[in-house]
Amino acid sequence: MSVYDIKIEDYNYPLPDERIAKHPLAERDRCKLLVDTNGQLSEHVFNEIADLLPPDSTLVYNNTKVINARLRFRKAGGGALIEIFCLEPISPRDYEQTFATTDSCEWLCFVGNSKRWKQGALEMMLNIDGTPTTLRAERLRNSGNAFVVRFSWDGGATFASILDAVGEIPIPPYLNRSTEPSDLSDYQTVYSHIEGSVAAPTAGLHFTDAVLADIDRHGIRRCELTLHVGAGTFQPVKSEKIGEHEMHTEFISVTRSLIDDLRNAPGRIIAVGTTSVRTLESLYYIGAALYDGADPSTALHVPQWMPYEYKQGISTAEALDAVAQFMDRNEMSHLVGSTQIIIAPGYQFHIVGGMVTNFHQPQSTLLLLVSAFLGGNWRQVYDFALANDFRFLSYGDACLFL
């Protein structure tokens, strides 16, 4: 079957609300861990993971940090409540630059109750480190089902400080509850430090400092990359066939040293989370485009269907070498690009040889990715989890696929 003809209804399963974890365990590394090794399933505790990883593994995780992306304004005179959900920066385009701005910036945003905000600026009074500040929001134009919003403020605070002061952590909609103070820490990985995501790379939520130290004691290499998770990660597949589904674009950033780590990895490369999988596999196609002489303006973006249309078939080593040589020629310490890649059954993995992940929503592109990695055998794994009281979705239990 062609990848374009895969029916999303074949990736459905019953998920009762009571199986969706609304909060993490008090000790996040005490959650269950389902291990699948070539179809052999076993149940463990997550803090045993260092003993379960192959000894020559390289563990790659996503260091992105979730921002307080949800802002609530009220129209003048006690009017309608308008919720603005920041998705990605428009101007400045660079995440680091936009968080450092001290007077204005523009973001692509979802707007709740947008019909009540036709025109005019919204204003919010706040206090940043003792300095009174007025934050304004102006709706500039539509962009699909979102809007470009210009934020401006006085007082000289950075936009990062603005979000920290008045924004809310945007927990997933399927939790069916409001953000709570505990989510400020619960919905961040212990290694998060590059701001930009509006959703957590949730496979990493199970790691603790103690688990990371145990991994180090076992001699397992640890590397990091950055993919800023967009709200599109929750976007349902509404089309009957996935060939009609448009994947969202996410921004990725990798260091020059990571390319060497991948190129010289002595054993299996284990990705922590689907975001790390998407980034690592996208690197192969960026390298392939550079190897073929594509202009960097196009080579640094991976289109949705490139994996199924690219026929050159260069090796993983050749692709990584092409990325390394491009970065060296341009004296780049970081490679910044974007990916729209969809990983579905039939996909050939080039870099990832293992995966730590959570249990994903029915009929989601993330479940397609898991199915691709398991050779289509996802249902056995999920039936086992449902029969053995595993907790599902962002705050739920974990899997290790080898």
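Here are a few notes on a sheet and two helices in this predicted model.

1. Start with the open sheet. Six strands make it up, paired antiparallel in the order 5-6-7-10-9-8. Strand 5 (70-74) and strand 8 (122-128) sit at the edges, and each has a partner on one side only. On average, neighbouring strands here are turned by 40° against each other, ignoring direction.

2. Within that order, have a look at strands 9 and 10. Strand 9 (residues 131-143) runs antiparallel to strand 10 (residues 146-153), and eight bridges join the two. If you want a spot to check the register, Arg 141 stands opposite Val 148 in strand 10.

3. Now for what lies across these strands. Helix 3 (residues 159-166) lies across strands 5, 8, 9 and 10, and also strand 7 (104-112). Against strand 8, helix 3 runs at about 90°.

4. Moving along the chain, which residues of helix 12 (residues 378-387) are buried? They are Trp 378, Val 381, Tyr 382, Ala 385 and Leu 386. These residues share one side of helix 12, because their arc around the axis is only 130°. The spacing fits the usual rule: an α-helix has 3.6 residues a turn, so residues three or four places apart point the same way.

5. As for what that buried side meets, the buried residues of helix 12 pack against strand 1 (32-37), strand 2 (40-45) and strand 17 (354-358), as well as helix 11 (365-373) and strand 18 (398-401).

6. One backbone detail to finish: Asp 389, just after helix 12, has a positive phi of about 60°.

Methods:
Residues are numbered from 1 along each chain as its sequence is written. This is a predicted model: local features need pLDDT of at least 70, side-chain atom pairs count only at pLDDT 80 or more; totals for chains, interfaces and linings use all residues. Side-chain values use heavy atoms; hydrogens and water are left out. Two strands pair if DSSP finds at least two bridges between them. Helices (H or I, at least four residues) and strands (E, at least two) are DSSP runs, numbered from the N terminus. Axes are lines fitted to C-alpha atoms, for helices over the stretch in contact, and angles run from 0 to 180 degrees between N-to-C directions. Contact means heavy atoms within 4.5 Å. Buried means under 20% relative accessible area, exposed over 50%, partly exposed in between (1.4 Å probe, protein chains only). The arc is that of the directions from the helix axis to the C-beta atoms.
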